[in-house]
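Thanks for making time this morning. I would like to walk through one structure with you, strand by strand and then helix by helix, so please keep the picture in view while I talk.

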Amino acid sequence: MHPHEALIREFYDAFARRDAEAMASCYDREVFFSDPVFPGLKGDEAGDMWRMLLSRAADLQVTLDSASANAEGGRAEWTARYTFSKTGRPVVNHVSAMFAFRNGKISRHYDRFSFYRWASQALGPMGRALGWFAPLKWKVRKDAAKGLEKFRERKAS
């Protein structure tokens, strides 16, 4: 197994154990992370996003469905099952991830998933009706960024 694939597997093993510190230790100090809800996180923001999400995750189950990597980069398919805390609705989110590496750490991490499918599950009828509508995505992103900012402020104090 290539060391980069081992690193991806280590990251998702930590995720499944809800160990945000171990997840963050897989990242390069200047990591860039992006997904449909948290676009463009850099450095410690990415680790803090995982810390925040895992601190809120009462019933999260993470499954690594596949992983592969070589010297050039890596990919993973993973599934998250959880209850969306704001609505109490169950979510099964299938995610495709792409990775780049530097000095034995993850330097780039891009997660892709269907925002519409996620919104339909997490937000119910409103998500099904408006999940394709850009202003809903912008609101979800704004709320997520605000939550991360508050989490980071509490962590710093």
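Ala100 stands opposite Arg108, which belongs to strand β6, and I begin with this pair while reminding you that what we are looking at is a predicted model. The two strands concerned, β5 and β6, run antiparallel and are joined by 7 bridges. Between them the hairpin has 2 residues, and within this hairpin Asn103 takes a positive phi near 50 degrees. That value deserves a second look, since Asn103 is not a glycine and yet its phi is positive. Is Asn103 buried or exposed? Its relative accessibility is 72%, and because the cut-off for exposed is over 50%, Asn103 counts as exposed.

Moving one strand along, β4 and β5 also pair in the antiparallel sense, here over 11 bridges. Phe84 is found opposite Arg89 of β5, and the hairpin that links these strands has 4 residues between them, with Gly88 taking a positive phi near 75 degrees.

The next pairing is that of β3 with β4, residues 74–84, where 8 bridges join two strands that run antiparallel. Leu64 stands opposite Trp78 of β4, while Ala69 has Gly74 as its bridge partner in that strand. These two strands form a hairpin as well, with 4 residues between them.

If we now step back to the whole sheet, in what order do its strands lie? The sheet is open, has 6 strands with mixed pairing, and reads β2-β1-β6-β5-β4-β3. At its edges are β2 and β3, each of which pairs on one side only. Helix α1, residues 3–16, packs on this sheet and touches β1, β3, β4, β5 and β6, and its direction makes about 175 degrees with that of β3. Helix α3 packs on the sheet too, touching β1, β2 and β6, with its direction at about 70 degrees to that of β1.

Just a short remark on the loop between α1 and α2, where Arg18 lies. Like Asn103, Arg18 deserves a look at its backbone: its phi is near 60 degrees, a positive value in a residue other than glycine. Arg18 has 34% relative accessibility, so it counts as partly exposed.

Finally, let us turn to helix α6, which covers residues 134–156. How far should its 23 residues span at 1.5 Å a residue? The expected span is 33 Å, and the end C-alpha atoms are 33 Å apart, so the two agree. The buried residues of α6 are Leu136, Val140, Ala144, Gly147, Leu148 and Phe151, and they pack against β2, α3, α4 and α5.

One of those partners, α4, I would like to describe more carefully. Two packed helices are described by the angle between their axes and by the distance between the axes. For α4 and α6, the axes come within 12 Å and cross at roughly 70 degrees, and because angles of 65 to 115 degrees count as roughly perpendicular, α4 is roughly perpendicular to α6. On the α4 side the contact is made by Phe115, Trp118, Ala119 and Leu123, and on the α6 side by Leu136, Lys137 and Val140. Sorted by class, this contact has 6 nonpolar residues, no polar ones and 1 charged residue.

How values were computed
Residues numbered from 1 in each chain as written. Predicted model: local features only at pLDDT ≥ 70, side-chain atom pairs only at ≥ 80, totals over all residues. Heavy atoms only, no water. Expected span 1.5 Å × (residues − 1). Buried < 20%, exposed > 50% of the residue type's maximum accessible area, 1.4 Å probe, protein only. Contact = heavy atoms within 4.5 Å. Pairing = 2+ DSSP bridges. Axes fitted to C-alpha atoms, helices over the stretch in contact; angles between N-to-C directions. Parallel < 35°, antiparallel > 145°, perpendicular 65-115°, else oblique. Nonpolar A, V, L, I, M, F, W, Y, C, P; charged D, E, K, R; others polar.
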